[in-house]
Amino acid sequence: MRVIKCRYCTCQFFSQSDYEAHLKTHWKQAKNGEGEWMPCELDSYLTERIRNSGALVLGGYRYSLIGDGKILYRTRLESAEY
Ligand SMILES: [Zn+2]
């Protein structure tokens with residue numbers, strides 16, 4: 001059986017849907033209620049890509065860096081809700 005490893009922690013999953021549900025737990029709700037955030041250290045690959053391009057649109061989310069580039073921030077794109 002194929003095992004999916006979490007890119008943020010040591011958890012492993014046997015189905016894509018379980019993994020995607022788990023991934024959501026790594027993002028914390030922002031205080032303004034509009035977006036979610038996580039520390040940059042958790043995803044250096046994504047952080048590097050945003051540093052190079054300014055912002056990134058991926059899988060229905062728009063990603064950017066805040067807090068002097070130490071925090072990954074994402075907001076859901078309006079169009080993804082339809
Ligand atoms: Zn994880």
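## A tour from a buried arginine to the zinc site

Begin by selecting Arg74, which counts as buried because its relative accessibility is 7%, under the 20% cut-off. Bear in mind while looking that this is a predicted model, with a mean pLDDT of 91 for the protein chain and 95% of its residues at 70 or more.

Add Glu36 to the selection: its side chain meets that of Arg74 in a salt bridge, at 2.9 Å from N to O. This pair links distant parts of the chain, since Arg74 lies in strand E7 (residues 71–76) and Glu36 in strand E4, 38 residues apart. Glu36 also counts as buried, at 15% relative accessibility.

Move next to Asp43 and Arg7, whose closest N and O atoms are 2.8 Å apart in one of the two salt bridges that the structure holds. Here Asp43 sits in the loop between strand E4 (35–39) and helix H2 (44–53), while Arg7 sits in the loop between strand E1 (4–5) and E2, 36 residues away. Asp43 is buried at 3% relative accessibility, whereas Arg7 is partly exposed at 46%.

Now select the zinc ion together with its protein donors, Cys6 (SG), Cys9 (SG), His22 (NE2) and His26 (NE2), which lie 2.0 to 2.3 Å from the ion. The angles subtended by the four donor atoms run from 102 to 113 degrees, and the arrangement is therefore tetrahedral. Along the chain, the donors follow the spacing C-x2-C-x12-H-x3-H, and both His22 and His26 are buried.

Finish at Phe14, in the loop between E2 and helix H1 (16–24), which is exposed with a relative accessible area of 57%. Together with Met1 and Val3, Phe14 makes a nonpolar surface patch of about 380 Å².

Conventions:
Residues are numbered from 1 along each chain as its sequence is written. This is a predicted model: local features need pLDDT of at least 70, side-chain atom pairs count only at pLDDT 80 or more; totals for chains, interfaces and linings use all residues. Side-chain values use heavy atoms; hydrogens and water are left out. Donors are N, O and S atoms within 2.8 Å of the metal (3.2 Å for Na, K and Ca); water is not among the atoms, so sites may look incomplete. Four donors count as tetrahedral if all angles lie between 85 and 135 degrees; four count as square planar and six as octahedral if opposite donors are over 155 degrees apart and all others between 65 and 115; anything else is irregular. Buried means under 20% relative accessible area, exposed over 50%, partly exposed in between (1.4 Å probe, protein chains only). pLDDT is the predictor's confidence in each residue, from 0 to 100. Patches are made of residues with over 30% relative accessible area and no salt bridge: like charges are joined within 9 Å, nonpolar side chains (Val, Leu, Ile, Met, Phe, Trp, Tyr) within 5 Å. Accessible areas come from the Shrake-Rupley method with a 1.4 Å probe; for residues, only the protein chains shown count as cover. A salt bridge is a side-chain nitrogen of Lys or Arg within 4 Å of a carboxyl oxygen of Asp or Glu. Helices (H or I, at least four residues) and strands (E, at least two) are DSSP runs, numbered from the N terminus.
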